Amino acid sequence: MLSGRVTGTIVSTRKVDSLIGSKFLEIQLFSNGKETSEYIIAIDTVGAGVGEKVLITTGSGARLALDNANTPTDAVIVGIID
Amino acid sequence: MLSGRVTGTIVSTRKVDSLIGSKFLEIQLFSNGKETSEYIIAIDTVGAGVGEKVLITTGSGARLALDNANTPTDAVIVGIID
Amino acid sequence: MLSGRVTGTIVSTRKVDSLIGSKFLEIQLFSNGKETSEYIIAIDTVGAGVGEKVLITTGSGARLALDNANTPTDAVIVGIID
Amino acid sequence: MLSGRVTGTIVSTRKVDSLIGSKFLEIQLFSNGKETSEYIIAIDTVGAGVGEKVLITTGSGARLALDNANTPTDAVIVGIID
Amino acid sequence: MLSGRVTGTIVSTRKVDSLIGSKFLEIQLFSNGKETSEYIIAIDTVGAGVGEKVLITTGSGARLALDNANTPTDAVIVGIID
């Protein structure tokens with residue numbers, strides 16, 4: 001799993017139907033609690049906002065955090081880090 | 001998930017039957033909204049064209065965006081970024 | 001599979017319900033028995049503590065080490081290295 | 001998905017039974033149509049030969065291109081690039 | 001798939017029950033037949049020994065090479081390279 005800070009929102013009006021209603025956030029990844037130059041885009045499930053530090057699950061495990069486990073994504077924000 | 005700009009088309013006449021009809025696009029990946037030197041090839045589902053900025057899902061989640069979830073791919077364009 | 005040394009704990013009070021009760025540890029990855037600058041966050045299953053050297057499974061295989069194979073994670077500590 | 005040029009064959013006499021009959025090719029990966037220093041080994045499904053430019057699917061999607069979707073592989077050549 | 005040379009054994013007395021009996025080997029990865037500085041840990045299925053060059057499958061495909069496809073691993077040695 002990865003940690004990082006939310007830096008912005010990705011807006012996509014024209015997208016596959018199964019992603020309608022999903023909120024896409026861009027996240028600057030952390031390593032050992034420090035900022036890196038890596039970024040990832042993930043679907044939010046916990047109401048994360050820009051500036052918050054979050055915990056991210058990638059791959060097939062990410063979808064298990066969503067109401068619809070068939071959502072075509074590979075990364076989901078699963079928690080806010082205290 | 002990844003973002004990037006479509007840079008071209010990959011044409012493959014001789015391919016596995018289950019990929020017949022799929023449109024393969026090459027995409028220059030972005031990080032934090034800026035161009036990187038990384039590229040990926042993905043199947044298009046949203047009618048993306050060269051020059052458009054797109055949202056990409058990789059891995060097993062990519063196939064969930066296709067009509068046939070058994071398509072042998074690992075990356076699909078799931079949205080056009082506004 | 002990966003090896004590394006546990007360096008700390010990640011605390012997330014606000015998280016998806018299916019991760020309540022999971023213990024998240026940050027691990028400095030090793031390569032050929034030596035420390036690298038790479039870190040990963042994994043769920044603990046073997047009672048690992050800070051400073052211990054551990055064995056980690058990533059991806060869908062990680063979930064198979066948990067009581068609930070539908071836990072939305074992508075990395076699990078599956079053993080303590082002697 | 002990835003593109004690259006086939007550079008050689010990997011021969012393994014002693015292997016798991018479910019890989020008997022599979023042809024393993026080593027491929028130099030391309031990025032934006034240019035050679036990189038990265039290589040991958042994939043099972044061939046389209047009769048690719050050394051020197052040909054190919055399209056590769058990785059991960060669980062790779063297996064969907066094979067007659068036996070339970071073949072223990074993570075990369076399959078799914079097309080010859082024109 | 002990956003190739004590499006077995007460099008040692010990883011011993012873990014305290015581990016998840018489903019990994020009891022598995023043999024973990026550390027492997028120095030090869031690229032284009034030459035040594036790299038990358039290492040991976042994989043479960044052995046073919047009786048590989050230190051110094052032997054091996055073929056490795058990663059991800060969910062790795063588990064398909066094992067008698068128990070629910071083994072919590074992400075990398076398995078599937079062949080000895082001639």
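**View 1. The order of helices and strands in chain A of this predicted model.** Read along its sequence, chain A of the predicted model follows the pattern β-β-β-β-β-α-β, which amounts to 6 strands and 1 helix. The radius of gyration of chain A is 12 Å, close to the 12 Å that the globule rule gives for 82 residues, so chain A is as compact as a globular protein of that length. Along its principal axes, the C-alpha trace of chain A spans about 35 × 25 × 20 Å. Of the 82 residues in chain A, 54% are buried, and among the contacts in this chain between residues at least 6 apart in sequence, 50% join residues at least 24 apart.

**View 2. Val76(A) and its surroundings in strand 6 of chain A.** Val76(A), which is found in strand 6 of chain A, has 27 C-beta neighbours inside 10 Å and therefore counts as buried. When its neighbours within four places in sequence are left aside, Val76(A) is in contact with Ala42(A), Ile43(A), Thr45(A), Ile56(A), Thr57(A), Ala62(A), Ala65(A) and Leu66(A), and also with Pro72(C) of another chain. Gly21(A) lies 55 residues from Val76(A) along the chain, and the C-alpha atoms of these two residues are separated by 14 Å.

**View 3. The nonpolar core and Ile56(B).** The largest nonpolar core has 125 residues, and those with the most contacts inside this core are Ile56(A), Ile56(B), Ile56(C), Ile56(D) and Ile56(E). For Ile56(B), leaving aside its neighbours within four places in sequence, the contacts include Met1(B), Leu2(B) and Gly4(B), together with Ile27(B), Ile40(B) and Ala42(B). Ile56(B) is also in contact with Ala75(B), Val76(B), Ile77(B) and Val78(B).

**View 4. Strands 1, 3 and 4 of chain D.** Strand 1 of chain D, residues 2–10, runs antiparallel to strand 3, residues 24–31, and 7 bridges join the two; within this pairing, Val6(D) stands opposite Ile27(D). Strand 3 of chain D is in turn joined by 7 bridges to strand 4, residues 34–44, again in the antiparallel sense, and here the bridge partner of Ser31(D) is Lys34(D) in strand 4. Strands 3 and 4 of chain D form a hairpin with 2 residues between them, and Asn32(D) in the turn has a positive phi of about 60 degrees.

**View 5. The contact between chain C and chain A.** This contact takes 24 residues from chain C and 22 residues from chain A. On the side of chain C that touches chain A, at least two residues each are supplied by strand 1 (2–10), strand 2 (14–15), strand 3 (24–31), strand 4 (34–44) and helix 1 (60–63) of chain C, with strand 4 giving the most, 3 residues. By class, this side of chain C has 10 nonpolar, 9 polar and 5 charged residues. Strand 6 of chain A, residues 75–80, and strand 2 of chain C run antiparallel and are joined by 2 bridges, and Ile80(A) stands opposite Arg14(C) in strand 2 of chain C. Only 8% of the interface residues of chain C are also interface residues in chain A, so the copies meet through different surfaces.

**View 6. The contact between chain E and chain D.** Here 22 residues of chain E are in contact with 24 residues of chain D. Strand 1 (2–10), strand 5 (53–58), helix 1 (60–63) and strand 6 (75–80) of chain E each supply at least two residues of the side of chain E that touches chain D, and strand 6 gives the most, with 4 residues. The residues on this side of chain E divide into 11 nonpolar, 10 polar and 1 charged. Strand 2 of chain D, residues 14–15, pairs with strand 6 of chain E in the antiparallel sense over 2 bridges, and the bridge partner of Lys15(D) in strand 6 of chain E is Gly79(E). Only 9% of the interface residues of chain E are also interface residues in chain D, so the copies meet through different surfaces.

**View 7. The arrangement of the chain copies.** A rotation of 72 degrees, with 0.0 Å of shift along its axis, superposes chain E on chain D with an RMSD of 0.0 Å; the two copies are thus related as by a five-fold rotation axis. Chain C is likewise superposed on chain A by a rotation of 72 degrees with 0.0 Å of shift along the axis, at an RMSD of 0.0 Å. No contact joins chain C and chain D, whose closest C-alpha atoms lie 10 Å apart, and chain B and chain E do not touch, their nearest C-alpha atoms being 10 Å apart.

Conventions:
Residues are numbered from 1 along each chain as its sequence is written. Chains are lettered from A and ligands numbered from 1 in the order in which they are written. This is a predicted model: local features need pLDDT of at least 70, side-chain atom pairs count only at pLDDT 80 or more; totals for chains, interfaces and linings use all residues. Two residues are in contact if their C-beta atoms, placed from the backbone, lie within 7 Å. Ala, Val, Leu, Ile, Met, Phe, Trp, Tyr, Cys and Pro count as nonpolar, Asp, Glu, Lys and Arg as charged, and the others, Gly among them, as polar. Two strands pair if DSSP finds at least two bridges between them. Copies are superposed by least squares on the C-alpha atoms of residues with pLDDT of at least 70 in both. A residue is buried if 20 or more other C-beta atoms lie within 10 Å of its own, exposed if 12 or fewer, and partly exposed in between; C-beta atoms are placed from the backbone. A nonpolar core is a set of buried Ala, Val, Leu, Ile, Met, Phe, Trp, Tyr and Cys residues joined through C-beta atoms within 7 Å. The radius of gyration is taken over C-alpha atoms; the globule rule is 2.2 Å times the number of residues to the power 0.38.
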